[in-house]
Amino acid sequence: MVAICAGLVGMYREVEEAPETFAKFNSPSAISAISTFAGFLLVTRQGTNLANNAKIIGEFGNLSGSLINICLFLKSQISSGKGVEFLTLSDGNGGFFQTTRIGLVCSSVMYVVKFSGRGTTIVPEGLPLGQDTRLLKSYNTLTGPSNGSPGMSPFSACVLIIGELVDEFQLGEKASEYAVLFGQLNAVTAAEGSIGGTA
């Protein structure tokens, strides 16, 4: 906008007959029509942006819901006697908490989608999965270039790690339960795709 205004001022000062031409635009009806059209464009653009924001927020809800469903399924299996390794980690305030590797990766996905959408560099050590050396190693291996090929995207790496952890956990379980968990992973990828497409 500043560049356009500066260009108009330059034209007014340097181009012959520009002041007379500019005077022709000093018409209340023309100014009114132009301002009405500009207002219409602004409102339309704002309406589109608000609709897109609402869709993105809704898809973040779907994304978090699917990730929570994966963790709840895991918790229900643990309650039923299925063994899983718990990690005891510092809470940063002198205390500790317990979690699982799949919980760390699922919580990392939300950050990855957010940071990817903003074009922010993702530092894996700053993600929840960065608190576990095994997960961090897997993530770095998957996202790093190998054999002349670029690495996976951070989101794809997280989904693959979740898939591997689910696969590890589900050994010996019914195929129907296995399918439910991978259905939730499918919902995670659908939500991420919708967020990226809308943004």
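This passage looks at the interior of a predicted model: its nonpolar core, its cavity and one buried arginine.

The core comes first. The largest nonpolar core takes in 36 residues, and Val109 and Ile162 are the ones that touch the most other members. Two or more residues apiece come from H3, strand E1 (87-90), H4, helix H5 (133-143), H6 and helix H7 (175-198). H6 puts in the most, with nine residues. Valine 109 and Ile162 also touch each other. Leaving aside residues up to four places away in sequence, the rest of the valine 109 contact list reads Leu63, Leu67, Phe155, Cys158 and Val188.

As for empty space, a search of the whole structure turns up just one cavity of 30 Å³ or more, and its volume is about 30 Å³. The lining is made up of Ile70, Phe73, Leu74, Ile102, Leu165, Val166, Phe169 and Leu181. Helix H3 (28-79) and helix H6 (154-169) are the elements that supply two or more of these residues. In character the lining is eight nonpolar residues, with no polar and no charged ones.

Then there is arginine 101, which sits in helix H4 (residues 101-118). With a relative accessible area of 12%, arginine 101 counts as buried because that value falls under 20%. Its side chain makes a polar contact of 2.9 Å with the side chain of aspartate 132. Beyond four places in sequence, arginine 101 touches Glu85, Leu87, Asp132, Arg134, Leu135 and Leu165. Leu165 turns up again in the lining of the largest cavity.

Notes:
Residues numbered from 1 in each chain as written. Predicted model: local features only at pLDDT ≥ 70, side-chain atom pairs only at ≥ 80, totals over all residues. Heavy atoms only, no water. 1 Å grid on protein atoms, 1.4 Å probe; cavity = no way out; pocket = protein on both sides within 12 Å on 5 of 7 lines; lining within 4 Å. Points joined across faces, edges and corners; volume = space filled by probe spheres on them. Helix = DSSP H or I, 4+ residues; strand = E, 2+ residues; numbered from the N terminus. Nonpolar A, V, L, I, M, F, W, Y, C, P; charged D, E, K, R; others polar. Buried < 20%, exposed > 50% of the residue type's maximum accessible area, 1.4 Å probe, protein only. Polar contact = N/O pair within 3.5 Å; in protein donor to acceptor, adjacent residues only side chain to side chain. Contact = heavy atoms within 4.5 Å. Core = buried A, V, L, I, M, F, W, Y, C linked by side-chain atoms within 4.5 Å.
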